[in-house]
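Trainee: I would like a close look at one part of this model, the interior.

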Amino acid sequence: VPHGPERHELIARHAVRAATQGGLKCGTCFQAIGACWCHAMKRVSLAKGCRVVIYMATSEYGKNCNSGHAVHATLGDAGCDVVVAGIPEQEEALWERLRTPGAAVLYPDAGALTARQFCERMAQRRLERRRARAGPQGPPASAQGGARGVARADAGGAAATSIGGDFEDGAGAGAGGDPGGCCPVIDGVSIDDEAAPLLHTLVAIDATWHRSKPLMRRIPSDITTEVCPHVMLSALPLAAATEGHQHTNIQGKLCERSLLAPLRKNKCPLGSTRVCTLEAVAAFLTELGEGQHVADALHHNLRWRVDSSLAQKGRRRVYGTGAAAEAAGSPGAQPRAAECA
């Protein structure tokens, strides 16, 4: 029997393989085929060039009460990756992204930055790199966009909280990149190009709070918070603040309600702003300047995940999703075979 990393890899690969083995579960929503909700799933694209990576604990993969899978289902392969802890090739690809300036880990520790603070720091460092390469003559004309971004950040402008601003996704490298070709490139764009987002990769730790710490320790020691800062939410997500209410957690204590709470209770004390992975990602993307439709789609899919899982367990739906269609016997309540293939 293997030990150490080999054992962890064996368990991780088995978890991924077993999640849909036998064709009893949908490979997208990980519900039983009869309870699949892919027909109601909303899918959106991110406009600001950021890529979300769900760094998932092995024990979370394939769970119908996990919200990280719903993030991937919403954003698709074009906007989101799922990396399972313990699978070497997936983790190595993630470490390479984190070593490139402009990546962040969504983890609210003592030194974590808000979205605005992160963007201010990245804009300043981008300008400093351009000045260093330009030498005594000063930054090239193409660096003026970065300078304007820093000026807006220093002035406290709203644009400082957006990864967009003057930057639009999709332009090729070279417009404002390093003329010597030594500037790092991510997704085909130089990180100092005016078209490059200030945040190119947002890593969301997908685990219970207790198990998130071992996941953080798996990040190589050379990827310090100076290289890849930790970030946090600046406020309680809107959905939790407006729809939530107090409920009793698994320790019998009152705590704030996440949208996932009817399906999965946590140990948060009263007054805690801890939310599930999907809610945290939705809130942070909104702070970065993504349209409200992105958060709305994520919350919509989370409500469907909760209700379909409760219905599968023989419990009452709490958000009323799909109830009317099921009561009427509508064919829309059944998953389409193509989506569950």
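Trainee: What area does the chain expose, and what share of it do carbon and sulfur atoms supply? After that, please describe the largest nonpolar core.

Mentor: This is a predicted model, in which local features need pLDDT of at least 70 and side-chain atom pairs pLDDT 80 or more, while totals for chains, interfaces and linings use all residues. Numbering starts from 1 along each chain as its sequence is written, and side-chain values use heavy atoms, without hydrogens or water.

The chain exposes about 15500 Å² (Shrake-Rupley, 1.4 Å probe), and carbon and sulfur atoms supply 54% of that area. Of its 341 residues, 48% are buried (under 20% relative accessible area).

The largest nonpolar core (buried Ala, Val, Leu, Ile, Met, Phe, Trp, Tyr and Cys joined through side-chain atoms within 4.5 Å) has 43 residues. At least two of them come from each of strands E1 (51–56), E3 (103–106) and E6 (201–206) and helices H2 (68–79), H4 (115–134), H8 (277–287) and H9 (292–312) (DSSP runs, at least two residues for strands and four for helices, numbered from the N terminus). H9 gives the most, seven residues.

Val52 and Val71 have the most contacts inside this core. Beyond four places in sequence, Val52 is in contact (heavy atoms within 4.5 Å) with Val71 itself, and also with Leu46, Leu75, Gly79, Cys80, Asp81, Leu202, Val281 and Leu285. A separate core of 18 residues includes Ala103, Met216, Ile219 and Ile223.

Across the chain, 69% of contacts with a separation of 6 or more join residues 24 or more positions apart.

Definitions and conventions:
Buried < 20%, exposed > 50% of the residue type's maximum accessible area, 1.4 Å probe, protein only.
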